Amino acid sequence: MKVKNLITWGGIPLGALGVGLAIKSFLPQRFETASWVGEKGNVTRLDSETLPAVEVSFLRCGSISIPELIAVRGAFSLVPRVISHSAVLIRHPKALFLYDTGLCSDIDRYLVDQSLFFRKTLANFHLEQSLGSHLRERGVGRGELDFALLSHLHWDHVSGIPDIPGVPLRVNRVEYEAAKHGLLNAGNGLVRRLMSGNAVECFDCAGPTYEGFRSSLDLFGDGTVVLVPLPGHTAGNTGMFINRSNGSRLFLLGDAVWVAENFKRPATMHPFIWSRVTGDDATARQTLIDLHRYALHHPEIPLIGMHDAASQEQFMKSEIYIEAAKI
Ligand SMILES: [Zn+2]
């Protein structure tokens, strides 16, 4: 056979293989879920009446809309899903603090030296309201924030820090140690520059298992704010339970998921995104399984990812309803 013919006939199966792989990437990925129902794990008994009031506010700083089939593998839907960049302001009797930091007013200046591909994909968003502006609007003055606790050290979770100079950063030690060998210096040191020289205070989730999760840290020792490791997205991605007397329990997930369907189905994001943002595929999928199982047994508790605009909006509406009911 002539070389030209060989290339032509050889190219057809290769092309078909490529199309096949592209189609497969949109198909659901099998998670074996049958054995999960019925295993409840050890459940913490909470008497919410005895807990203090804890105010929780999502501060949405930016967003981008993506088709659902990108946010949820196997969704077969082009319905736009809003991916937000948010911080959470938490007012506990012992501290006023943030969980993640959203975006600073100057974020474009930090991203200008990043690759075009990065800026047009993962760093493509519309800045809506900076962290600093949110805090001013809520009357939170300079020096009033006690600390910012970071779910993990991806750039989009530390991007509000330039708006809170001097505020100590609390980071899971596992995350910080891993980041020293990669994340802190990637992209011309983007994360290190965004952390702006604010002091870093490492914590360890070295306490007992909590709600079936492997270990925990009771941040104030009163059962209100309990941290649990949700690894895989990064080595030390850290979730936060909030238990309180003035509203529903809440479970913040960092980036263990993007939207609720990721743990409800369960399903990863489309592999193109998932492979770029996930540090350890097998561990991250195990965390999805853990969250799926937890959600099955606790439909009353909102599980909210830090990019899940719909769940954040729904939670804030319920908070306004609770506040209005008190008046
Ligand atoms: Zn993120």
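**Strand pairing and core packing in the predicted model**

Val 225 stands opposite Ile 242 in β10, a pairing that belongs to the antiparallel association of strand β9 (residues 225–229) with β10 over 5 bridges; strands, like helices, are DSSP runs numbered from the N terminus, with at least two residues (E) for a strand and at least four (H or I) for a helix, and two strands are taken to pair if DSSP finds at least two bridges between them. The structure is a predicted model, for which local features need pLDDT of at least 70 and side-chain atom pairs count only at pLDDT 80 or more, whereas totals for chains, interfaces and linings use all residues. Residues are numbered from 1 along each chain as its sequence is written.

Strand β10 (residues 238–242) is mostly covered, with 5 of its 5 residues buried, where a residue is buried if 20 or more other C-beta atoms, placed from the backbone, lie within 10 Å of its own, exposed if 12 or fewer do, and partly exposed in between. Thr 238, Met 240 and Ile 242 point one way from β10, while Gly 239 and Phe 241 point the other way. Strand β10 is also joined by 3 bridges to strand β11 (residues 250–252), in the antiparallel sense, and in β11 the bridge partner of Phe 241 is Phe 251.

A further set of 7 strands forms an open sheet of mixed pairing, in the order β4-β1-β2-β3-β5-β6-β7. Because β4 (126–127) and β7 (200–203) each have a single partner strand, they stand at the edges, and one side of each is left without a neighbour in the sheet. Strand β1 (residues 55–67) runs antiparallel to β4 and is joined to it by 2 bridges, with His 126 in β4 as the bridge partner of Ser 63. Helix α7 (residues 173–180) lies across β6 (169–172) and β7, at about 85° to β6, the angle being taken on a scale from 0 to 180 degrees between N-to-C directions of axes fitted to C-alpha atoms, for helices over the stretch in contact. In α7, Val 174, Glu 175, Tyr 176 and Ala 179 are buried, and the buried residues of this helix pack against β6 and β7.

The largest nonpolar core (buried Ala, Val, Leu, Ile, Met, Phe, Trp, Tyr and Cys residues joined through C-beta atoms within 7 Å) has 73 residues, and those with the most contacts inside it are Val 88 and Leu 253. Strand β2 (residues 80–92) gives the most to this core, with 5 residues.

Terms used: Two residues are in contact if their C-beta atoms, placed from the backbone, lie within 7 Å.
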